[in-house]
Amino acid sequence: MVIDLSSKCALITGGGRGIGREIALTLANTKCSVAVSDIDIEAARGTAREIEALGVKSLAVKADAANADEVNTMFKVVMEHMGSLDILINNAGITRDTLLIRMKEEDWDLVLKVNLKSAFLCSKEAAKIMVKARSGKIINIASIVGLMGNYGQANYSASKAGLIGLTKTTAKELATRSITVNAIAPGFIKTAMTDTLSDAEKQKLLEKIPMQKLGTAADVAHTVLFLASSLADYITGQVLTVDGGLVM
Ligand SMILES: NC(=O)c1ccc[n+]([C@@H]2O[C@H](COP(=O)([O-])OP(=O)(O)OC[C@H]3O[C@@H](n4cnc5c(N)ncnc54)[C@H](O)[C@@H]3O)[C@@H](O)[C@H]2O)c1
C-alpha cells in the first residue's frame with residue numbers, strides 16, 4: 001500500500017531544520033501540504049521552498065510555539081492559507097543541559113516552556129479544528145530520556161515525560177472524535193542537537209545501543225509518516241521508540 005496524503009494538510013513546529021525539516025519533506029513527498037513554523041523564519045522559508053520545489057503547497061510561518069498569542073495567530077494564518085488542518089506535529093524543542101545542582105531556574109523554565117507548554121498550546125488550537133472535522137492526527141516528538149532519564153537533563157527529560165502524559169490524556173479526550181494522538185520517542189539521532197557531543201561521549205553511547213549506530217532524522221520522519229497515515233488509524237495514546245533498541 002502506498003501512502004498518499006495528497007488531500008491532507010499538516011502543520012509542524014520547529015520545521016526549519018533537523019528532524020522537523022526532514023518530517024516536513026517526508027510528508028510533502030506523499031503530496032501532503034505542509035505549513036512549516038519556526039522561530040527562525042529564514043529556516044522555515046528554506047524548508048517551505050524545498051516543499052514547493054516538489055510541486056506541493058507550503059507555507060512558512062514565524063511563531064514561537066510556546067507563546068499563546070503567536071500560536072493563535074499562527075493557526076489563523078494556517079487556516080486562511082491552507083484551508084484545513086489534518087495533522088499537527090509538535091516538534092519544536094531545545095536543550096539547556098547541566099547537572100541538577102548547577103541548573104538555573106531560568107533554564108528549567110525555558111526548557112519546560114519550549115518543549116511542553118508549546119505542545120499544550122498547539123494541541124489545544126488544533127483540537128478545536130479537528131473536533132469539528134471529526135478526524136485528525138497529533139504527533140508529539142518526545143524522547144527516550146522522557147522514559148529513562150539522562151545525566152544533565154533534568155529539565156529536558158521532565159519536559160519529555162510531561163509530553164508523554166499530555167499525549168495520553170489528549171488521546172483519551174479526543175478518541176471518540178476519531179482523532180489520534182501519539183508520541184514518538186527518538187533515541188540519539190544525528191542532528192545539530194547531538195553534534196555537540198564529544199567523540200568519547202558518542203562512543204560511550206554507541207556501546208549501549210544494540211544496533212550500535214545513531215539514528216537518522218529520516219528514521220524519525222518515517223515513523224511520523226506511518227502515524228500520520230490511515231495505516232495507523234486504530235493506534236492512539238502510544239509512545240513509539242525509534243532508538244536502535246536502546247529502550248526495551
Ligand atoms: N536530535 C536528537 O537526537 C533528538 C533525540 C530525541 C528527541 N529529539 C527531539 O526532536 C525535536 C527536534 O530536534 P532536532 O534535533 O531536530 O533539533 P534542532 O535544534 O536541530 O531543531 C529544532 C528547531 O526548532 C526550532 N525552535 C526552537 N525553539 C522554538 C520555539 N520556541 N518555537 C518554534 N520553533 C522553535 C529551532 O529554530 C529549530 O529550527 C526536538 O523536540 C527534540 O527534543 C531530538
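# Why each label fits

Mentor: In this predicted model, the buried residues of helix α6 are covered by elements that include α4, β5, α5 (145-148) and β6.

Trainee: Which residues of α6 are buried?

Mentor: They are N155, Y156, S157, S159, K160, L163, L166, T167, T170 and L174.

Trainee: How do you know that α6 has the reach expected of a helix?

Mentor: α6 spans residues 154-174, which is 21 residues. The expected span is 1.5 Å times one less than that number of residues, which comes to 30 Å here. From its first C-alpha to its last, α6 reaches 30 Å. The value is close to the expected one.

Trainee: Now the sheet. What is the order of its strands?

Mentor: The order is β3-β2-β1-β4-β5-β6-β7, in an open sheet of 7 strands with parallel pairing.

Trainee: Why are β3 and β7 placed at the edges?

Mentor: Each has a single partner strand, so one side of β3 and one side of β7 (239-242) have no neighbour in the sheet. On average, neighbouring strands are turned by 20° against each other, direction ignored.

Trainee: How do you know that β2 and β3 pair?

Mentor: Pairing needs at least two bridges. β2 (residues 33-38) and β3 have 5, in the parallel sense, so they qualify. V34 of this pairing stands opposite S58 in β3.

Trainee: β3 is an edge strand. What makes it largely enclosed?

Mentor: Burial of its residues does. In β3 (residues 58-62), 4 of the 5 residues are buried, so the rest of the structure largely encloses the strand.

Trainee: Why is the unit of β2, α2 and β3 called right-handed?

Mentor: Point the strands away from you. A clockwise path from the first strand over the helix to the second is right-handed. The path from β2 over helix α2 (residues 41-52) to β3 meets that test. β4, α4 and β5 also make a right-handed β-α-β unit.

Trainee: What makes β4 and its neighbours paired strands?

Mentor: Count bridges again, with at least two needed. β1 (residues 9-13) and β4 (residues 87-90) run parallel and are joined by 3 bridges. β4 and β5 also run parallel, with 4 bridges. Both counts meet the cut-off, so both are pairs.

Trainee: Which residues stand opposite each other there?

Mentor: A10 stands opposite I87 in β4, and the bridge partner of L11 in β4 is L88. Towards β5, I87 stands opposite K137.

Trainee: How do you know that both faces of β4 are covered?

Mentor: Look at the side each residue takes. I87 and I89 lie on one side, L88 and N90 on the other, and all are buried. Helix α4 (residues 105-133) lies across β4, as well as β1, β5 (136-141) and β6 (179-186). The angle of α4 to β4 is about 170°.

Trainee: Is E105 buried or exposed?

Mentor: Exposed. E105, in helix α4, has 8 other C-beta atoms within 10 Å. The limit for exposed is 12 or fewer, so E105 fits the label. Its C-alpha is separated by 29 Å from that of K190, 85 residues apart along the chain.

Trainee: Why is G93 called buried?

Mentor: G93 has 25 other C-beta atoms within 10 Å, and 20 or more is enough. G93 sits in the loop between β4 and α4. Leaving out residues up to four places away in sequence, G93 touches G14, V114, N115 and I141.

Trainee: Why is K31 partly exposed?

Mentor: K31 has 16 C-beta neighbours inside 10 Å. That falls between 12 and 20, so the middle label applies. K31 is in the loop between α1 (18-28) and β2. Its phi is near 75°, a positive value in a residue other than glycine.

Trainee: Why does Q212 count as exposed?

Mentor: Q212 has 11 C-beta neighbours inside 10 Å, and 12 or fewer means exposed. Q212 lies in the loop between α8 (199-208) and α9 (217-228). Its phi is positive too, about 50°, although Q212 is not a glycine.

Trainee: Which residues touch the most other members of the largest nonpolar core?

Mentor: Of its 68 residues, A10, L27, V34 and V224 do. α4 gives the most to this core, with 8 residues. Neighbours within four places in sequence aside, V224 contacts I23, T26, I89, I139 and I184.

Technical notes
Residues numbered from 1 in each chain as written. Predicted model: local features only at pLDDT ≥ 70, side-chain atom pairs only at ≥ 80, totals over all residues. Helix = DSSP H or I, 4+ residues; strand = E, 2+ residues; numbered from the N terminus. Axes fitted to C-alpha atoms, helices over the stretch in contact; angles between N-to-C directions. Contact = placed C-beta atoms within 7 Å. Core = buried A, V, L, I, M, F, W, Y, C linked by C-beta atoms within 7 Å.
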